Amino acid sequence: MTTTAHHPDDLRYQAVSSRDARFDGEFFFAVSTTGIYCRPSCPAVTPKRVNVRFYPSAAAAQGAGFRACRRCRPDAAPGSAEWNVRADLVGRAMRLIGDGVVDREGVAGLAARLGYSERQVHRQLTEELGAGPVALARAQRAHTARVLLQTTDLPVTETAFAAGFASVRQFNDTIREIYAQTPSALRAQAGTGAGKRPRGAAPTGIPLRLAHRGPYAAREVFDFLERRVITGIEEMTGAVGARVYRRTLRLPYGTGVVEVQEPPAGTGRTGGRGTWLACRLHLTDLRDLSNAVQRMRRLFDLDADPDAVAERLGADPLLRPLVAARPGLRSPGAADADELAVRAVLGQQVSVAAAAHLAARLVAAYGTPLPTPDGALTHVFPEPAVLAGARLDGSDGAAGSDGIGMPEARKDALRTVAAALADGTVRLDSGVDRDDTERRLLDLRGVGPWTAGYIRMRALGDPDVFLPGDAGARHGLAALGTGPEAAADWRPWRSYALHHLWNHAPAAAGE
């Protein structure tokens with residue numbers, strides 16, 4: 001029997017023909033006869049193959065002269081899961097661009113963070129994605145602008161600068177080119193009634209739909225976050241199936257409060273393809289919109305490819321029943337990487353509940369108070385520089401008469417980690433080299449393999465971390481009748497395997 005090799009574009013066309021949302025964000029297709037580009041799951045009539053062109057990024061399609069489809073909104077597709085896995089220059093660059101580094105620091109700032117020349121960064125991004133850092137950042141700005149236009153009544157001029165554009169003219173030209181509409185027409189098209197609200201950012205916040213691909217185990221993710229809620233900066237309201245996770249954020253230009261709603265079980269928002277989580281952002285400075293969205297996407301692991309994870313882990317006879325029982329299980333990241341590092345130190349050799357209690361005391365003593373409390377949210381997590389110089393023993397008056405209540409060795413470790421974050425010895429931004437960062441963490445006094453690995457998994461979003469010394473992992477492995485050596489077969493998705501073990505032995509996972 002002979003087999004015929006398929007051209008990659010033919011396989012992509014098959015995904016388009018079947019409207020397969022698993023590939024949304026992985027590539028885009030454009031139609032030469034209409035001049036538009038779409039995501040693979042676009043509901044429009046499938047175009048003829050001869051008229052279809054494929055692009056690795058929305059920016060590349062825009063650079064080729066195509067405008068965004070009004071039906072499928074390709075700019076709102078989930079991000080490519082590839083950037084979570086890849087640790088090379090392109091993967092690191094894409095994560096930083098998503099965080100808005102180019103808008104804030106320019107291409108020079110991006111290159112400096114990556115440790116390469118501007119020319120090298122531009123060349124590699126163009127070779128792989130068909131667009132350089134400026135074009136990729138421009139595509140993101142356009143998406144941010146569309147969200148602001150369609151969800152707030154912010155004046156057009158303010159929208160332009162809030163989205164990161166250098167001038168109103170640049171903003172107008174970009175919107176016309178990408179969406180084939182003026183900003184005013186794009187706002188009118190939404191039909192949301194945004195113009196009836198008071199001027200400025202809407203008092204009810206900015207409503208968003210955070211898209212993800214494939215099934216999403218929402219209950220397990222919200223359970224994971226609820227067990228770790230830190231009083232003062234986080235809260236979980238509502239009953240299971242209708243919970244709302246709320247937290248504060250320290251952002252590049254100001255502060256924010258974010259709300260993410262747990263989708264009801266059995267609805268179209270949790271099953272099927274092309275689904276989403278409802279989110280609402282309250283920002284003191286709208287320039288922080290893109291950064292805040294990316295942080296929530298990382299926290300809820302929304303750019304993952306659950307089918308790829310399930311295919312690999314489900315092939316293992318030991319994990320197959322666990323994978324089948326919890327389709328779409330995610331590996332939550334962090335809303336604030338520096339905060340997560342401190343929380344990891346607080347969680348050394350204590351239960352999850354005890355770590356959350358210690359963190360709440362730390363927030364009350366050293367956190368930055370919000371100008372006005374928002375429900376149970378009263379503070380922003382302490383900055384590393386503050387914790388680096390904190391006594392933590394009550395003698396400075398900030399932590400109460402008995403201090404935070406930790407062993408001296410852990411206090412020293414917390415101050416050491418905070419000092420390294422404050423002076424830049426350790427950086428935890430989304431573009432760092434994960435191997436180098438883990439080595440730097442292990443060089444710090446009081447940081448062992450569990451702490452460094454946990455930070456790597458959550459703060460750096462590494463999908464391939466296993467913690468053999470974790471109590472929950474040990475109990476989960478024992479329940480399966482195996483040992484840590486089995487994890488070698490679970491690459492490159494060992495972080496997800498770890499979450500399956502934690503859910504398989506939930507009592508042990510709280511240890």
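## Exercises on a predicted model

With 511 residues, the chain would be expected to have a radius of gyration near 24 Å as a compact globule, and its 23 Å agrees with that. Keep in mind that this is a predicted model.

### Exercise 1: Overall build

Work out how the chain is put together, from its secondary structure to its surface.

**Solution.**
- Start with the elements: the chain has 23 helices and 11 strands.
- Next, look at the extent. The C-alpha trace spans about 70 × 65 × 50 Å along its principal axes.
- Then check burial: 56% of the 511 residues are buried.
- Now the contacts. Take those between residues at least 6 apart in sequence, and 68% of them join residues at least 24 apart.
- Finish with the surface: about 21000 Å² is exposed, and carbon and sulfur atoms supply 52% of it.

### Exercise 2: The cores

Find which residues touch the most other members of the largest nonpolar core, then follow Trp490 outwards.

**Solution.**
- As background, nonpolar side chains in soluble globular proteins tend to be buried together.
- Here the largest nonpolar core has 95 residues, and Phe300, Leu362 and Trp490 touch the most other members.
- Leaving out residues up to four places away in sequence, Trp490 touches Leu313, Asp316, Leu319, Asp464, Phe466, Leu477, Ala497 and Leu501.
- Apart from this core lies another one of 21 residues, including Ala61, Leu149, Phe165 and Ile175.
- Two of the Trp490 contacts, Ala497 and Leu501, are among the buried residues of helix 22. That helix (residues 494-504) is mostly covered, with 10 of its 11 residues buried.

### Exercise 3: Ring pairs

How many aromatic pairs does a search of the whole structure find? Classify the Tyr55 pair and the Tyr245 pair, and place each ring in the chain.

**Solution.**
- The search turns up 11 aromatic pairs.
- Tyr55 and Phe66 sit 6.0 Å apart, centre to centre, with 55° between the planes, so the pair is tilted, as over 60 would be needed for edge-to-face.
- Tyr55 is in strand 3 (residues 52-55), while Phe66 is in the loop between helix 2 (58-63) and strand 4 (67-68), 11 residues apart.
- Both count as buried: Tyr55 has a relative accessible area of 17%, and Phe66 has 11%.
- Tyr245 and Phe300 also have 6.0 Å between centres, but with 75° between the planes this pair is edge-to-face.
- Tyr245 belongs to strand 7 (residues 244-250) and Phe300 to the loop between helix 12 (289-299) and helix 13 (306-313), so the pair ties together parts 55 residues apart in sequence. Tyr245 and Phe300 are both buried.
- Ring pairs also link Phe23, Phe27 and Phe54 into a cluster.

### Exercise 4: Charges over rings

Which rings have the charged ends of Arg141 and Arg228 sitting over them?

**Solution.**
- For Arg141 the ring is Phe165, with the charged end 5.3 Å from the ring centre.
- For Arg228 the ring is Phe224, at 3.8 Å from the centre.

### Exercise 5: Backbone oddities

Locate the cis peptide bond and look up the phi values of Arg19 and Gln349.

**Solution.**
- The usual picture first: most residues other than glycine have a negative phi, and most peptide bonds are trans.
- The cis bond joins Arg491 and Pro492, with omega about 0°. Pro492 lies in the loop between helix 21 (471-480) and helix 22.
- Arg19 has a positive phi near 50°. Its loop runs between helix 1 (8-17) and strand 1 (28-31), and at 36% relative accessible area Arg19 is partly exposed.
- Gln349 has a positive phi near 60°. This residue lies in the loop between helix 15 (337-346) and helix 16 (352-366), and its relative accessible area of 80% makes it exposed.

Terms used. Residues are numbered from 1 along each chain as its sequence is written. Side-chain values use heavy atoms; hydrogens and water are left out. A nonpolar core is a set of buried Ala, Val, Leu, Ile, Met, Phe, Trp, Tyr and Cys residues joined through side-chain atoms within 4.5 Å. Buried means under 20% relative accessible area, exposed over 50%, partly exposed in between (1.4 Å probe, protein chains only). Contact means heavy atoms within 4.5 Å. Rings of Phe, Tyr and Trp (its six-membered ring) pair if their centres lie within 6.5 Å; planes under 30 degrees apart count as stacked, over 60 as edge-to-face and the rest as tilted. Helices (H or I, at least four residues) and strands (E, at least two) are DSSP runs, numbered from the N terminus. A charge sits over a ring if NZ of Lys or CZ of Arg is within 6 Å of the ring centre and within 35 degrees of the ring normal. The radius of gyration is taken over C-alpha atoms; the globule rule is 2.2 Å times the number of residues to the power 0.38. Accessible areas come from the Shrake-Rupley method with a 1.4 Å probe; for residues, only the protein chains shown count as cover.
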